[in-house]
Amino acid sequence: MDYKKLLEELEITIIWVEQPLQNGAWYCPNATNLGKNGAIFVSVGLEEYEIIEKVLHEIGHYKTGEPIFSHSAPNLHIKNEGKARRFTLKQYLPEYLDSGIEYSMMSISGFLDYFGLDKDFYWDDAVKIWNEF
């Protein structure tokens with residue numbers, strides 16, 4: 001997964017930060033002084049597979065999310081998170097389908113394991129994505 005190319009195409013800058021971030025990464029759409037469409041801040045020290053997952057998730061916020069303000073309804077945040085998770089999974093699915101694994105052996109569990117994705121976090125959305133294909 002070439003997240004760097006995607007960031008370049010979207011004109012989003014990645015900023016590496018020393019301090020730990022709550023979820024490992026954070027998208028700031030208003031950081032237009034850093035990139036035309038903002039910046040994604042990523043904690044240093046993450047494994048490559050974690051960086052890819054976090055960056056794809058944050059790109060999902062850019063591509064599918066709605067702006068959240070301090071007075072926004074809490075369910076808007078929940079809705080945005082679901083959209084970002086599904087975006088992330090949709091980015092991974094073609095690679096899994098082209099992985100050479102025999103189709104009859106493919107599964108939702110295997111899909112999540114293949115990329116090291118947390119089953120508790122992604123399961124419900126993975127089921128939705130899986131059933132679309």
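Select Asp-113 to begin: its relative accessible area is 48%, so this residue counts as partly exposed. The model on your screen is predicted, and every value along the tour is computed from that model. With Asp-113 still highlighted, add Lys-119, because the two side chains meet in a salt bridge with 3.2 Å from N to O. Lys-119 is likewise partly exposed, at 31% relative accessibility.

**Salt bridges between helices 3 and 5**

The structure holds five salt bridges, and the next stop concerns one that joins Arg-85 to Asp-125, where the closest N and O atoms are 2.5 Å apart. Colour helix 3 (residues 74–97) and helix 5 separately, since Arg-85 lies in the former and Asp-125 in the latter, so that the pair ties together parts that are 40 residues apart in sequence. Are the two partners buried or exposed? Arg-85 is buried, with a relative accessible area of 17%, and Asp-125 is buried too, with a value of 4%. Now add Arg-86 to the selection, for Arg-85, Arg-86 and Asp-125 are linked in a network of salt bridges.

Staying with these helices, select Lys-90 and Glu-132, which form a salt bridge whose closest N and O atoms are 3.9 Å apart. This pair, too, links distant parts of the chain, with Lys-90 in helix 3 and Glu-132 in helix 5, 42 residues apart. Lys-90 counts as partly exposed at 39% relative accessibility, whereas Glu-132 counts as exposed at 53%.

**A nonpolar patch on the surface**

Move next to Phe-133, which is placed in the segment after helix 5 (119–132) and is exposed, with a relative accessible area of 60%. Select Leu-97 and Tyr-103 along with Phe-133, and show the surface: these residues form a nonpolar patch there, with about 380 Å² of accessible area together.

**Strand 3 and its partners**

Hide the surface and select strand 3 (residues 39–43), which is mostly covered, five of its five residues being buried. In a regular strand the side chains alternate between the two faces of the sheet. Display the side chains here, and you should find Ala-39, Phe-41 and Ser-43 pointing one way, with Ile-40 and Val-42 pointing the other way, all of them buried.

Which strands pair with strand 3, and in what sense? Strand 1 (residues 13–17) pairs with strand 3 in the parallel sense over five bridges, and on this side Ile-14 has Ile-40 as its bridge partner. Strand 2 (residues 25–28) runs antiparallel to strand 3 and is joined to it by four bridges; here the bridge partner of Cys-28 is Ala-39.

**The nonpolar cores**

From strand 3, keep Ile-40 selected and add Val-55, Ile-59, Leu-89, Phe-111 and Leu-112, the residues with the most contacts inside the largest nonpolar core, which has 28 residues. Helix 1 (3–10), strand 2, strand 3, helix 2 (48–64), helix 3, helix 4 (108–114) and helix 5 each supply at least two residues of this core. Centre the view on Phe-111 and, leaving aside its neighbours within four places in sequence, look for its contacts with Leu-89, Tyr-92, Leu-93, Tyr-96 and Trp-130. Apart from the largest core lies another, of five residues, among them Cys-28, Ala-31, Ala-39 and Phe-41.

**Two loop residues to finish**

Select Gly-38, in the loop between strand 2 and strand 3, which is buried with a relative accessible area of 0%. What is in contact with Gly-38, once its neighbours within four places in sequence are left aside? The contacts are Glu-11, Ile-12, Thr-13, Tyr-27, Cys-28, Pro-29, Ala-31 and Thr-32. For a distance check, draw a line from the C-alpha of Gly-38 to that of Gly-65: these residues are 27 apart in sequence and 14 Å apart in space.

One of those contacts, Glu-11, is the last selection. Glu-11 is found in the loop between helix 1 and strand 1, and it is partly exposed, with a relative accessible area of 38%. If your viewer shows backbone torsions, inspect phi of Glu-11, which is near 60 degrees, a positive value in a residue other than glycine.

How values were computed. Residues numbered from 1 in each chain as written. Predicted model: local features only at pLDDT ≥ 70, side-chain atom pairs only at ≥ 80, totals over all residues. Heavy atoms only, no water. Patch = residues over 30% accessible without salt bridge, like charges linked within 9 Å, V, L, I, M, F, W, Y side chains within 5 Å. Areas by Shrake-Rupley, 256 points an atom, 1.4 Å probe, with all protein chains shown as cover. Salt bridge = Lys/Arg side-chain N within 4 Å of Asp/Glu carboxyl O. Buried < 20%, exposed > 50% of the residue type's maximum accessible area, 1.4 Å probe, protein only. Pairing = 2+ DSSP bridges. Core = buried A, V, L, I, M, F, W, Y, C linked by side-chain atoms within 4.5 Å. Contact = heavy atoms within 4.5 Å.
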